[in-house]
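Here are my notes for a colleague coming to this structure for the first time. Please keep the model open while reading.

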Amino acid sequence: MTAPATAAGPDAPARPGPRAWFVLSILCFVYVLNFLDRQLLSILAKPIQDELGVTDGQLGLLGGLYFAAFYCILAIPVGWLADRTNRTRILALACALWSAATAACGLSQNYGQLAVSRMTVGVGEAGGVPPSYAIISDYFPSGTRGTALSLFNLGPPIGQALGVAFGASIAAAYSWRDAFVAVGVVGIITAVVVFLFVKEPKKGGLDRPATDAAPVEKAGFWSTCKMYFANPVLRGMALACGATQFVTYALLAFATLFLMREKGMTLQQVAVWYALVVGIFTSLGMFVSGRLIDRLTRRSKAAYGWLPALGLAIAAPLFAGFVWASSWQLALVFLALPMGLNYFYLTPAVTLVQEEVAPNQRVMSGALLLLVMNLIGLGLGPTYLGAASDWFRASHPDNSLQMAFYTLLPFYGLAIALFLGLAAKIRRSAAQEP
């Protein structure tokens, strides 16, 4: 049962109870593992390349298309099932599966085995994030969800930072294989914790009093898909996020390799300095955007569009400085702010979707959001950048990744334009409401 929310005044949002914060902390840790497992490959790309002899293009496929094909597409049936059944049980099973597959990555003896293991990680992670979005939305009432989801969305930066710090440290002290196995074991233990301690909340129990008197009907698969893609605001948000993730996932997939191979960083330096930049600034970006969106959307829902656009407009020239910098120290200085501003889109996107759809369509709608933005961003971003680096290698053998990174700048412009277009759609939609 969901802990009752405490009233805070006629106009202020209700306050979530202690159990809501307890559940949020567990789900955030699961998301940390979800993203840590996903990014461990890119963090340890250099030693993996050295031992298995894979190219930048092959690495891009492992972290991009091969992973995303399973992660994105399977999220749809998993989301539909979770909307109709017990979301916490599905989350626990998914966590156990992707963690076991992560451990299998460390046991891989060749590229083919590593590819199969990565695909299996994608299968498991398909059941991780969408159920969590919906569970949080049923523990936290409207008006507090932006803050709650921003805290949940600290999972990626924390996971990335821990992956860099501990993954690189274990790899430097032992081997890259031990890092995969260790993280996988932790994930299996966490799956047991989710199964035992996270209780399924009532769907829509905090949305309106009427939901306490009548059960929430099960949503249809195709009706939810039709609803989502027929809505210009939801569709526009997914496309804008996809263009943004094209940049962010390409950066995450190759930043460590770029800093080590072309900027001269060592694994030990990566484990300290790059981890600090990722952990501190990306976390700030996630949290600040969540707090801002809760406040700004009380005045105008168009903030769901213009706030991410503003963040990306500031980030783009600094990202160019990161690519241009002559040393890894200067590169990290330029990278710090973009690491936060690049993620001003995520909490607004998740909050908008969870607020706009019916309670019995939340997991499925979250999965559809992830389908579009991750097929574009996660599927194509790393794949493109790895292929571009291989293409530039003939003419720029010493800085092929640098040249490939420069080609991401137009995608910043595309994402900004799409978010500004989204803000205009939201204004038109609001003007049409009675």
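The points below cover the cysteines, a surface patch, one helix and two long-range pairs.

1. Status of the model. This is a predicted model. Please read every value below as computed from that prediction.

2. Cysteines. How many disulfides does a search of the whole structure find? The result is zero. Take Cys-28: the closest cysteine sulfur belongs to Cys-95 and sits 13 Å away, which is too far for a bond. A disulfide would need the two sulfur atoms within 2.5 Å, so this pair does not qualify.

3. Burial of two cysteines. Cys-28 has 12% relative accessibility, so it counts as buried. Cys-241 is buried too, at 0% relative accessibility. The cut-off for buried is under 20%.

4. Nonpolar surface patch. Look at the surface around Phe-22, Val-185, Ile-189, Val-192, Val-193, Phe-195, Leu-196 and Phe-197. These residues form a nonpolar patch. Together they have about 700 Å² of accessible area. Which helix gives the most to the patch? Helix 10, residues 176–197, does, with seven residues.

5. Phe-22 in the patch. Phe-22 is found in helix 1, which covers residues 18–43. Its relative accessibility is 37%, so Phe-22 counts as partly exposed. Partly exposed is the range between the buried limit of 20% and the exposed limit of 50%.

6. Helix 4, length and kink. Helix 4 spans residues 65–84 and has 20 residues. From first C-alpha to last, helix 4 reaches 29 Å. That is close to the 28 Å expected at 1.5 Å a residue. Please also mark the kink of about 35° at Ala-75. The kink lies shortly before the proline Pro-77.

7. Helix 4, buried residues. Ala-75, the site of the kink, is one of the buried residues of helix 4. The others include Phe-67, Tyr-71, Cys-72, Ile-76 and Gly-79. Asp-83 is also among them.

8. Asp-56. Where is Asp-56 placed? It is in helix 3, residues 56–63. Is Asp-56 buried or exposed? Asp-56 is buried, with a relative accessible area of 1%. Its partner for a long-range check is Gly-381, 325 residues apart in sequence. The two C-alpha atoms are 13 Å apart in space.

9. Tyr-249. This residue lies in helix 12, residues 232–261. Tyr-249 counts as buried at 6% relative accessibility. Tyr-249 and Ser-400 are 151 residues apart along the chain. Their C-alpha atoms are separated by 18 Å.

Notes
Residues are numbered from 1 along each chain as its sequence is written. This is a predicted model: local features need pLDDT of at least 70, side-chain atom pairs count only at pLDDT 80 or more; totals for chains, interfaces and linings use all residues. Side-chain values use heavy atoms; hydrogens and water are left out. Buried means under 20% relative accessible area, exposed over 50%, partly exposed in between (1.4 Å probe, protein chains only). Patches are made of residues with over 30% relative accessible area and no salt bridge: like charges are joined within 9 Å, nonpolar side chains (Val, Leu, Ile, Met, Phe, Trp, Tyr) within 5 Å. Accessible areas come from the Shrake-Rupley method with a 1.4 Å probe; for residues, only the protein chains shown count as cover. A salt bridge is a side-chain nitrogen of Lys or Arg within 4 Å of a carboxyl oxygen of Asp or Glu. Helices (H or I, at least four residues) and strands (E, at least two) are DSSP runs, numbered from the N terminus. The expected span of a helix is 1.5 Å times one less than its number of residues. The bend at a residue is the angle between axes fitted to the seven residues ending there and the seven starting there.
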